Amino acid sequence: MSHTDYPFQATSSGLRELTEVEQRKLADDKQVVSEFKQNKLEKEAQRNWDLFYKRNSVNFFKDRHWTTREFEELAGITEGSTSGTPVLLEVGCGVGNALYPLIAESKHLYVHACDFSPRAVQFVKDNAAYDPHRINAFQCDLTKDDLVEHIPERNVDVVTMLFVLSAVHPDKMIEALQNVYKVVRPGGCVLFRDYGLYDHAMLRFAKGHKLMDNFYVRQDGTRAYYFTKEFLNQLFVSAGFKESTNDYVLRQTVNKKEGISVPRVFVQAKFTKSDHPPHR
């Protein structure tokens with residue numbers, strides 16, 4: 001990861017075009033993992049992420065200093081352009097790679113931070129910059145643990161979901177978003193960035209890793225879903241949000257060490273909570 005840079009980046013309303021080789025590879029990968037193994041992966045999802053952080057400690061991901069550049073709403077709350085104390089919820093905070101750069105930029109920001117992995121949350125709390133007066137870090141399974149037990153309803157101005165929803169089984173994604181919806185204030189928003197369909201990481205999977213269309217298991221047992229913007233919109237709207245922006249980010253990542261350039265695809269979006277609750 002340390003040997004990469006990004007000479008090209010563009011936003012697009014449409015999917016990137018696959019090469020013939022890529023099309024054949026995806027067409028040939030029809031067999032999915034057995035139901036028994038899929039159920040086992042679901043039951044052991046938290047354990048697999050905990051083992052991921054046990055192996056990698058705080059060293060796997062770089063600090064995400066790009067968040068305020070990519071999301072003007074984050075720049076606004078860190079620069080103090082909002083009245084009062086802005087409240088941020090970082091869903092899937094990991095070891096704090098996005099959280100601590102934001103805290104360093106703003107002396108008035110308050111952050112709720114949660115993660116599926118208890119070990120990741122402990123790493124957040126063990127950081128020398130951790131301040132319990134400014135950070136509320138807690139373990140949470142968004143698909144079944146009620147966020148309101150940790151955060152007052154309608155309390156959060158901005159939620160960040162950076163490469164987190166992709167780790168949730170697609171059947172449970174709406175429940176996770178409905179959980180988030182409860183703690184967002186009317187007029188508040190969710191800032192989203194995650195893997196997009198036909199990302200290079202998706203095309204690298206060998207046979208035997210496919211769980212269902214667009215959903216794969218890595219070698220370490222963690223899982224990843226690759227979104228279309230249409231499916232993402234459907235999820236958020238079903239949970240009560242309204243789409244503000246929703247596009248693909250197309251990047252060429254150059255790995256200088258290996259001398260290769262690979263296509264990365266992310267979905268970047270903003271969804272807002274209406275001042276008026278939706279009619280159910």
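Leu41, Ala45, Trp49, Phe116, Ala167, Gly221, Thr222 and Arg223 line the largest cavity in this predicted model. The volume of that cavity is about 40 Å³. If you sort its lining by class, you get 5 nonpolar, 2 polar and 1 charged residues. How many cavities of 30 Å³ or more are there? The count comes to 1.

Now for a space that is open to the outside. The second largest pocket holds about 220 Å³. It has 14 lining residues, and the ones closest to its centre are Glu70, Phe71, Thr245, Gln268 and Ala269. Three elements each give two or more residues to this lining: β1 (4-12), β10 (241-255) and β11 (260-273). Of the elements, β10 provides the largest share, with 4 residues. By class, the pocket lining splits into 5 nonpolar, 5 polar and 4 charged residues.

Let's step back and look at the whole chain. The protein has 10 helices and 11 strands. Its length is 280 residues, and 50% of them count as buried. The accessible surface adds up to about 14,200 Å², with carbon and sulfur atoms holding 49% of it. How do the contacts spread along the sequence? Take the contacts with a separation of 6 or more: 75% of them join residues 24 or more positions apart.

A few single residues show what such long-range pairings look like. Start with Ile103, which sits in helix α6. Is Ile103 buried or exposed? With a relative accessibility of 9%, Ile103 falls under the 20% cut-off and therefore counts as buried. Leaving aside residues up to four places away in sequence, Ile103 touches Leu109, Val111, Arg134 and Ile135. There is also a pairing with Ala129: 26 residues separate Ile103 and Ala129 in sequence, yet their C-alpha atoms are 8.8 Å apart.

Follow the chain on from α6 and you come to His108, in the loop between α6 (99-105) and β3 (110-115). His108 has 27% relative accessibility, so it counts as partly exposed. Its C-alpha atom lies 7.3 Å from that of Pro86, a residue 22 positions away along the chain.

Another loop, the one between α1 (20-28) and α2 (35-43), is home to Ser34. Ser34 is partly exposed too, because its relative accessible area is 42%, which lies between the 20% and 50% limits. Which residue lies 176 positions from Ser34 in sequence but 9.7 Å away in space, C-alpha to C-alpha? That residue is Lys210.

Next, the backbone has a couple of spots worth a look. Phe163 is not a glycine, yet its phi is positive, at about 55°. You will find Phe163 in the loop between β5 (156-162) and α8 (173-183). Asn214 also has a positive phi, near 70°, and is likewise a residue other than glycine. The loop that holds Asn214 runs between β7 (210-212) and β8 (215-217). Although Asn214 is in a loop, its relative accessibility is 18%, so it counts as buried.

Finally, the cysteines. How many disulfides does a search of the whole structure find? The search comes back with 0. Take Cys140: the nearest cysteine sulfur belongs to Cys114 and is 4.9 Å away, and Cys140 is in no disulfide. The reasoning is simple, because a disulfide needs the two sulfur atoms to be within 2.5 Å. Cys140 counts as buried, since its relative accessibility is 4%. Cys189 is buried as well, with a relative accessible area of 5%.

How values were computed: Residues numbered from 1 in each chain as written. Predicted model: local features only at pLDDT ≥ 70, side-chain atom pairs only at ≥ 80, totals over all residues. Heavy atoms only, no water. Buried < 20%, exposed > 50% of the residue type's maximum accessible area, 1.4 Å probe, protein only. Contact = heavy atoms within 4.5 Å. Areas by Shrake-Rupley, 256 points an atom, 1.4 Å probe, with all protein chains shown as cover. 1 Å grid on protein atoms, 1.4 Å probe; cavity = no way out; pocket = protein on both sides within 12 Å on 5 of 7 lines; lining within 4 Å. Points joined across faces, edges and corners; volume = space filled by probe spheres on them. Nonpolar A, V, L, I, M, F, W, Y, C, P; charged D, E, K, R; others polar.
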